[in-house]
Amino acid sequence: MVDLTEIWVYLARDPLAALTATLLAWLAGLRLAALCRWHPVANPVLLAVILLAGLLLAAGVDYRAYFQGAQFVHFLLGPATVALAVPLYRQWHHVRSSALAALLAIACGGLAAAFSGVAFALLLRAAPEVTASLAPRSVTMPVAMGIAEQIGGLPGLTAAVVLGSGVTGATLGPAMLNLARVRDWRARGLAMGTAAHGIGTARAISVNATAGAFSGMAMGLNALISALLLPLLWRFFLG
Amino acid sequence: MIGGMTILLLCQLLGELLARALHLPVPGPVLGMALLFAGLLLRDRWSPGAGGTDPGAPGLGGTADAVLRHLGLLFVPAGVGIVVFLPQLARDWAPLALAILAGTLIGIAVTGLLAQLLMRRLG
């Protein structure tokens with residue numbers, strides 16, 4: 001006689017199950033996205049998150065218990081951020097000539113993304129901690145969570161809005177750029193990386209190598225600029 | 001693969017140490033990226049043509065490609081954290097949705113248009 005409770009306790013406590021479920025959900029997300037012929041709206045990150053969140057809620061598993069296992073995947077965000085130096089280096093001869101223009105565009109675009117998000121939240125009277133969580137929305141996740149902590153937001157909620165912004169940028173960004181008649185691959189990459197960080201960069205890499213390199217650079221520089229400026233601006237205007 | 005991973009982790013570790021030692025508000029991995037990039041450029045200056053268009057450090061290019069090919073996967077664990085914030089989501093869904101949707105599109109349009117304009121002017 002197999003004791004199901006015992007197996008369940010093992011599965012809920014051991015990192016193996018959560019790690020396996022994360023990879024399976026990701027592969028399922030990729031498969032679903034492929035079935036939709038990589039239509040931008042079928043974003044594999046979003047699909048995997050919906051699958052896993054649904055699974056956790058249905059099975060009544062605590063998020064912290066799940067993260068015990070999933071943290072091994074989460075940890076790789078650090079080395080992956082460092083790895084963005086490689087595509088940037090490969091495209092450096094391409095990037096160098098437009099470095100000043102890129103820097104200006106990233107700084108202005110990143111601040112525009114932050115300000116517009118906060119302005120909408122203030123207008124619609126969101127709770128203060130929700131507004132603060134929205135400020136670093138377009139910054140790459142580990143950096144955004146750090147900024148949110150500094151300005152009184154909820155790092156976990158920030159992770160969610162960062163994900164939402166990344167998926168929005170990756171899915172609707174290309175259409176928005178077409179609408180605005182931005183045809184230069186360098187400018188398109190910069191826009192994706194600035195407003196939609198790693199998720200936008202993942203999409204940019206899959207579409208065009210130049211756009212991917214500029215997107216990775218924009219994500220890194222926007223993280224740098226936002227980490228330096230957002231806490232100062234927040235204290236000045238809203239603190 | 002292991003050599004490349006070691007380089008990535010070393011750069012991240014150096015970045016974390018620098019950020020803490022100098023009290024920089026910049027996160028370690030971002031500093032690590034800047035360090036690796038500067039290191040690759042410096043290596044080219046000292047021994048030109050060592051790596052061609054590919055980073056010459058053994059395995060670095062392949063490891064970076066492998067990690068970046070599944071960049072999306074790395075956002076999944078933190079993204080699932082949404083389940084903890086369902087009450088905040090239920091209360092403030094309108095500002096959150098508007099800020100995420102309109103804010104991101106505004107950010108993309110501003111960056112893209114400005115970048116295209118500046119690159120035409122500045123070359």
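Okay, a definition before anything else: when I say "domain" here, the bounds come from an automatic or database domain assignment. And keep in mind that this is a predicted model.

So, chain A. The assignment splits chain A into domain 1, residues 4–75, and domain 2, residues 83–237. Take the centres over C-alpha atoms, and those two domains of chain A sit 26 Å apart. Where they touch, domain 1 of chain A puts in 6 residues and domain 2 of chain A puts in 6 residues. On the domain 1 side of that contact you've got 5 nonpolar residues, 1 polar and no charged.

Let's stay in chain A and look at a helix pair. Helix α8, residues 99–123, packs on helix α12, residues 185–207, at about 40 degrees, and their axes are 9 Å apart. The crossing of α8(A) and α12(A) is right-handed. Who's actually meeting whom? From α8(A) it's Ala102(A), Ala105(A), Ile106(A), Gly109(A), Gly110(A) and Ala113(A), and from α12(A) it's Leu190(A), Ala191(A), Thr194(A) and Ala195(A). Sort that contact by class and you get 7 nonpolar, 3 polar and no charged residues.

Now the interface between the chains. On the chain A side, 96 residues are in contact with 65 residues of chain B. Which helix gives the most to chain A's side? That's α11 of chain A, residues 155–179, with 15 residues. By class, chain A's side comes out at 68 nonpolar, 23 polar and 5 charged.

Over to chain B, and a little sanity check on helix α2, residues 28–46. It has 19 residues, so at 1.5 Å a residue it should span 27 Å, and the end C-alpha atoms are 26 Å apart, which agrees. The buried residues of α2(B) include Gly28(B), Pro29(B), Val30(B), Phe37(B) and Leu40(B). And what do the buried residues of α2(B) pack against? In chain A, that's α5 (77–83), α6 (85–90), α10 (141–150) and α13 (209–237), together with α1 (2–21) of chain B.

Last stop, Leu60(B), which is in helix α3 of chain B, residues 60–69. Buried or exposed? Leu60(B) has 25 C-beta neighbours inside 10 Å, so it counts as buried; the cut-off for that is 20 or more. Its C-alpha atom is 9.0 Å from that of Thr6(B), although those two are 54 residues apart along the chain.

That's my tour, happy to rotate the model while we talk.

Notes: Residues are numbered from 1 along each chain as its sequence is written. Chains are lettered from A and ligands numbered from 1 in the order in which they are written. This is a predicted model: local features need pLDDT of at least 70, side-chain atom pairs count only at pLDDT 80 or more; totals for chains, interfaces and linings use all residues. Axes are lines fitted to C-alpha atoms, for helices over the stretch in contact, and angles run from 0 to 180 degrees between N-to-C directions. Helices (H or I, at least four residues) and strands (E, at least two) are DSSP runs, numbered from the N terminus. A crossing is left-handed if the near helix is turned anticlockwise from the far one by less than a right angle, and right-handed if clockwise. Two residues are in contact if their C-beta atoms, placed from the backbone, lie within 7 Å. Ala, Val, Leu, Ile, Met, Phe, Trp, Tyr, Cys and Pro count as nonpolar, Asp, Glu, Lys and Arg as charged, and the others, Gly among them, as polar. The expected span of a helix is 1.5 Å times one less than its number of residues. A residue is buried if 20 or more other C-beta atoms lie within 10 Å of its own, exposed if 12 or fewer, and partly exposed in between; C-beta atoms are placed from the backbone.
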